[in-house]
Amino acid sequence: MTDMTSSTTPSSKPAKPKHIILTSHHHRGSGKVIPINWGAAEPGDRGPIIGSIRNPQHRNVIGTHAGSYGVYRALAVASGDLDPTHKADLTNTSPPVQIGPYPSWSDPDKIVSLDPFGAAAGDIFTDYAPEEHDILPTIAITKAHINLPELKDAVSQGRLKVDGKLLKSDGNLLVTKAAIDPVWYLPGIAKRLQIDESDLRRVLFQQTGGMFPELVTRPDLHVFLPPIGGSTIYIIGDEKAIADPSKPLAVRVHDECNGSDVFGSDICTCRPYLVHGIEVCIQTAQEGGAGVIVYCRKEGRALGEVTKFLVYNARKRQEGGDRADAYFARTECVAGVQDMRFQQLMPDMLHWLGITRIDRLVSMSNMKYNAIVHAGIEVVQRIAIPPELIPADAQVEIEAKKASGYYSEDEVLAVEQLAQIKGRSY
Ligand SMILES: [Zn+2]
């Protein structure tokens with residue numbers, strides 16, 4: 001047993017592994033690797049996701065757990081703070097509610113970017129010696145209260161009512177939330193993007209600076225744990241109502257915008273629209289249905305915040321100032337594309353929840369709408385952001401988006417009119 005009392009002294013820090021085992025080729029005994037049969041209905045047939053670093057011979061995936069946070073784990077091991085042989089103790093970590101299984105879980109075309117069995121991995125793979133194989137959940141579910149000042153305003157203005165169970169008088173909102181790490185089934189990702197799997201694997205290898213050689217040397221491994229951010233699903237109301245077609249469902253799919261979501265910056269509509277989505281979710285849940293917010297870590301259209309801030313400066317300083325007719329062009333100048341979010345993978349999370357119909361989609365994005373409908377999910381009504389929630393400086397963004405195909409009940413502005421929509425100059 002580890003002596004916890006002396007763990008702060010340098011001499012007692014865990015030993016770092018000195019030898020290197022290349023992952024790019026089969027290991028001796030790799031014939032015993034547990035196969036992954038993606039799309040199998042029974043978890044025992046599908047097989048567990050094993051990204052063990054401790055026991056490389058057991059690995060049946062490329063990459064490691066925890067997405068980009070795996071790099072912090074490396075720092076913790078390198079600095080001697082984390083014992084690389086640590087085994088996760090998953091006692092009492094099981095989900096407080098059960099999601100699924102749904103028919104979509106066993107459709108290998110419907111879910112390709114997450115593990116539908118990821119939340120139960122700690123419980124359902126007991127036949128596979130989970131501790132020995134480092135079988136870890138890739139989804140975690142818990143319950144929480146969230147408290148947003150705008151919801152209190154909505155109550156005082158009569159748009160929301162306190163029910164004492166879901167929405168409480170102190171403004172607390174009861175939610176169930178699920179954190180999802182990406183698990184990519186590469187043949188399915190390639191098929192979804194209509195590209196060749198070997199091309200996908202080669203470019204993933206090249207564009208990560210050769211970080212994962214198995215992408216090109218191990219065609220026998222089909223599952224990749226990519227080093228990217230995950231997603232969080234917030235469920236408002238009864239989770240069993242989500243997949244029940246007799247109950248109404250509201251959904252907002254929101255891509256991270258830290259500046260607005262957390263700090264309330266005024267250049268875009270992200271936080272106001274997110275909170276409006278939560279408001280619609282509460283109303284729908286109070287009608288006996290449920291609401292779902294899907295929050296994806298795809299900062300700045302998945303271009304990152306550095307690119308985003310560069311674009312902000314370029315927009316403000318261009319000739320003629322920040323204006324709606326040049327909104328997308330500035331992003332393309334800096335990043336080479338206008339958007340890198342690949343909404344085609346997003347509906348996987350809706351399929352994981354068993355969603356077949358969305359009564360109220362709180363989104364104006366044509367890319368999200370098209371992806372959802374193309375995935376076979378019916379959308380009954382699309383809800384635009386109420387005009388009074390749009391910050392003054394965000395008029396540039398919203399008019400540019402509407403002109404590019406975003407959903408709107410208003411008339412789309414002509415190019416000359418777009419040029420007249422201007423933001424602040426600093
Ligand atoms: Zn934003």
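Helices (H or I, at least four residues) and strands (E, at least two) are DSSP runs, numbered here from the N terminus. The model is predicted, so that local features need pLDDT of at least 70 and side-chain atom pairs count only at pLDDT 80 or more, while totals for chains, interfaces and linings use all residues. Residues are numbered from 1 along each chain as its sequence is written, and side-chain values use heavy atoms, with hydrogens and water left out.

The largest cavity, a set of points on a 1 Å grid over the protein atoms alone where a 1.4 Å probe fits but cannot get out, has a volume of about 500 Å³, a volume being the space filled by probe spheres set on points joined across faces, edges and corners. Its lining, made of residues with an atom within 4 Å of a point, numbers 31 residues, of which Cys-270, Arg-301, Tyr-327, Glu-397 and Lys-401 lie nearest the centre. Helix H12 supplies the largest share of this lining, 5 residues.

Cys-270 also belongs to the metal site, where the zinc ion is coordinated by the SG atoms of Cys-257, Cys-268 and Cys-270 at 2.1 to 2.2 Å; donors are N, O and S atoms within 2.8 Å of the metal (3.2 Å for Na, K and Ca), and sites may look incomplete because water is not among the atoms. Cys-257 and Cys-270 are both buried, that is, under 20% relative accessible area with a 1.4 Å probe and protein chains only, against over 50% for exposed and partly exposed in between.

Note on methods. On a 1 Å grid over the protein atoms alone, a cavity is a set of points where a 1.4 Å probe fits but cannot get out, and a pocket is an open set with protein on both sides within 12 Å along at least five of seven lines; lining residues have an atom within 4 Å of a point.
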